[in-house]
Amino acid sequence: MKKIILDCDPGMDDSMAIVMAVKSPDLKLMAVTTVNGNYPIEVTCVNARKTLELLGRADIPVGKGLGKPLVRDVPKDPFTHGRDGQAENFLPDPIMPLDKKDAVDLIIDIVKANPGEVTLVSTAPMSNIALAMIKAPEIKEMIQEIVAISGAFGLNKYAFLNATGDTPQSEWNVYVDPEAADIVYNSGVKLTALGLDVATYFDVNFNDDDLKKLEESHKKEAAFLLQAIRFTNGRGFDAYCTVIDCMAVAYAIDASLVETMDAHVGIETKDGLTLGMTVIDRRHHHVWEDLPVVSVGCSADCGRFLQLLMELVLK
Ligand code: BDR
Ligand code: CA
């Protein structure tokens, strides 16, 4: 079983990522850490616990993380996940407490207790992970890998067509805290960045048969997903929006779902037209060698991804 920490900002798709991570027999979810992102930190750390309680897994620690980006103010998300941040599923308030340790210390302590064994799955701005690396730089050599929903690389039309940040070519998680992303991208830790190129394929859609299976299921998480799809469709968006972050968990389970390539990538941290852009250097000459090399997702097997997702939700 692969040990993971899920650092997230639930968010309906982060909530579905928690569902997958908890239910996969291939993963051991060591902790959920939350951060400001889709919603303020007070909402994201409640939603993470609501989701774990929905799954009957109040034993998994939840660490509360940063309430704002490392150096910037909190930007406003132009996309809504509803009044509760969970597609208006309005789950019961959580009973389980937050962990005594905050998100940053949970990450540091779990990584140190399991050197070389922990994969960080990041589905949110990278503020917690960057701060953990600043506070305890020695963990950088102990993290097995980081798999992140991060960036928009322009490798296909979906990347920029579905840009989620507030510039035409930025992805939300990088856009919110570009300085944190810059630290993590440059940390030397193996990073797989699954950008909007693979995480917001329109092909990730649910057919009538999938919807029927969700409707007929007695699982609360199936009802949660169905409500999220209806909520999203009702606002004129496609259903893939409900499961964007699931691609990172799916990749942690089965890396063959996504084709990747190594490339030099830089993060734009200057304000303006391209703030938060993940600039990929694919030139065959004069390459900016000082930019870190990152494994970037270029295409995904959406059929197999959805199959895995449905299997885990329904089981
Ligand atoms: C990312 O932004 C958030 O809205 C989603 O939860 C996802 O992590 C996609 O850009
Ligand atoms: Ca997210």
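**A calcium site and two nonpolar cores**

D14 is buried, its relative accessible area being 0%, where buried stands for under 20% relative accessible area, exposed for over 50% and partly exposed for what lies in between, with a 1.4 Å probe and protein chains only. This is a predicted model, in which local features need pLDDT of at least 70 and side-chain atom pairs count only at pLDDT 80 or more, while totals for chains, interfaces and linings use all residues. Residues are numbered from 1 along each chain as its sequence is written, chains are lettered from A and ligands numbered from 1 in the order in which they are written, and side-chain values use heavy atoms, leaving out hydrogens and water.

D14 belongs to the site of the calcium ion (ligand 2), whose protein donors are D9 (OD), D14 (OD), D14 (OD), T123 (O) and D245 (OD), at 2.3 to 2.5 Å from the ion; donors are N, O and S atoms within 2.8 Å of the metal (3.2 Å for Na, K and Ca), and sites may look incomplete because water is not among the atoms. Along the sequence, the donor residues follow the spacing D-x4-D-x108-T-x121-D. Distant parts of the chain are linked by the pair D14 and T123, 109 residues apart, with D14 in helix α1 (residues 12-23) and T123 in the loop between β4 (118-122) and α4 (127-135). T123 is likewise buried, with a relative accessible area of 1%.

The protein chain as a whole has 12 helices and nine strands, taken as DSSP runs numbered from the N terminus (helices H or I, at least four residues; strands E, at least two). Of its 315 residues, 61% count as buried.

The largest nonpolar core, a set of buried Ala, Val, Leu, Ile, Met, Phe, Trp, Tyr and Cys residues joined through side-chain atoms within 4.5 Å, holds 66 residues, of which I18, M20, V32, L194 and F206 touch the most other members. A second, separate core has 39 residues, including I107, V118, A124 and A193. Beyond its neighbours within four places in sequence, L194 is in contact (heavy atoms within 4.5 Å) with residues including V147, I149, M247, Y251 and V258.

Zero disulfides are found in a search of the whole structure, a disulfide being a pair of cysteine sulfur atoms within 2.5 Å. The sulfur of C298 lies 13 Å from the closest cysteine sulfur, in C302, and is therefore too far for a bond; C298 counts as buried at 18% relative accessibility.
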